[in-house]
Amino acid sequence: MIRSAIEAMHNAYCPYSNFKVGASALLKDGTIVVGTNIENASYGLSMCAERACLYNVYSKGYRKNDIISFCVAAKKIVTPCGACRQVMIELMNPDTLVVLTDSLGHSKEYQVKDLLPDSFKLEV
Ligand code: THU
C-alpha cells in the first residue's frame, strides 16, 4: 500500500504547486486503489490525492467496510487538509488506519477519527 502511494505520487498533475501527493487504499479483497492530486489553472478546482483516491474507491463500488487501511505519500510527511479530513471521516470507518509517509518510507500512523474529532455528520 505504501509503495503504491509513492508510485501514484509520481503521476500527480501539479504544474502550479509542483507538490506531488499520492494516496492509496488497501481493500479487503487485496485490491489497492490509488489517487493523486490533480490541479487546475482555476486553482479552486484542484483535487487532493486523498479525495481522488477515496472517490475512486467508491466509484469502483467499494464502501467504507471494504477499506482496511489508507496511505498518503509526499516528499515530506503531510497531514490531510481539512476538506480531505471531512471526506475521510464520511467515507472510511473511524478506526481505519491512516499511514502518512514520505518518499523514503518514514511514516506516522493515525486512525481516521484522530484526524477530525467532533466532526460534522448528518445522520441519514
Ligand atoms: N495536497 C494533497 O493532495 N494532499 C494533502 O494532504 C495536502 C495538499 C495537494 C493540493 C495541491 O495540489 C498541492 O498538494 C499543494 O497544496
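# Strands, cysteines and backbone angles in a predicted chain

Analyst: Strand β4 and strand β5 (residues 107-111) are paired in the antiparallel sense, with five bridges between them. This is a predicted model, in which local features need pLDDT of at least 70 and side-chain atom pairs count only at pLDDT 80 or more, while totals for chains, interfaces and linings use all residues. Residues are numbered from 1 along each chain as its sequence is written, and side-chain values use heavy atoms, with hydrogens and water left out.

User: What makes β4 and β5 a pair of strands?

Analyst: Strands are DSSP runs of E with at least two residues, helices are runs of H or I with at least four, and both are numbered from the N terminus. Two strands pair if DSSP finds at least two bridges between them, and β4 and β5 have five, so the pairing condition is satisfied. Within this pair, leucine 100 lies opposite lysine 108 of β5. The hairpin of β4 and β5 has four residues between the strands, and glycine 105 there takes a positive phi near 95 degrees.

User: Which strands does β3 pair with, and in what sense?

Analyst: β3 is joined to strand β1 (residues 21-27) by seven bridges, and these two run antiparallel; with strand β4 (residues 97-102) it pairs in the parallel sense over six bridges. Serine 69 of β3 illustrates both contacts, as it stands opposite leucine 26 and has leucine 97 as its bridge partner in β4. Alanine 73 provides another position, standing opposite threonine 101 in β4.

User: Why are β3 and β4 called largely enclosed?

Analyst: A residue is buried when its relative accessible area is under 20%, exposed when it is over 50%, and partly exposed in between, using a 1.4 Å probe and protein chains only. In strand β3 (residues 67-74), seven of the eight residues are buried, so the strand is largely enclosed by the rest of the structure. For β4, five of the six residues are buried, which leads to the conclusion that it too is largely enclosed by the rest of the structure.

User: What is the handedness of the unit made by β3, helix α3 and β4?

Analyst: β3, helix α3 (residues 82-91) and β4 make a right-handed β-α-β unit. The term applies if, with the strands pointing away from the viewer, the path from the first strand over the helix to the second runs clockwise.

User: How do you know how many disulfides there are?

Analyst: A disulfide is a pair of cysteine sulfur atoms within 2.5 Å, and by this rule the count is zero. Cysteine 14 is in no disulfide, its nearest cysteine sulfur being that of cysteine 48 at 11 Å. Cysteine 81 is in no disulfide either, since the sulfur of cysteine 84, the nearest one, is 3.7 Å away and the cut-off is not met. As for accessibility, cysteine 14 counts as buried at 5%, whereas cysteine 81, at 33%, is partly exposed.

User: Why is tyrosine 13 called partly exposed, and which surface patch does it belong to?

Analyst: Its relative accessible area is 43%, and tyrosine 13 therefore counts as partly exposed. This residue is in the loop between α1 (2-9) and β1, and with Tyr16, Ile38 and Tyr43 it makes a nonpolar surface patch of about 460 Å². Patches are made of residues with over 30% relative accessible area and no salt bridge, where like charges are joined within 9 Å and nonpolar side chains (Val, Leu, Ile, Met, Phe, Trp, Tyr) within 5 Å. Alanine 12 is in that loop as well, but at 13% relative accessibility it counts as buried.

User: What makes the phi values of asparagine 18 and aspartate 118 worth a remark?

Analyst: Most residues other than glycine have a negative phi. Asparagine 18, however, has a positive phi near 55 degrees without being a glycine, and aspartate 118 likewise has a positive phi of about 55 degrees. Asparagine 18 lies in the loop between α1 and β1 and counts as exposed at 59% relative accessibility. Aspartate 118 lies in the segment after α4 (112-115) and, at 83% relative accessibility, also counts as exposed.

Conventions. Areas by Shrake-Rupley, 256 points an atom, 1.4 Å probe, with all protein chains shown as cover. Salt bridge = Lys/Arg side-chain N within 4 Å of Asp/Glu carboxyl O.
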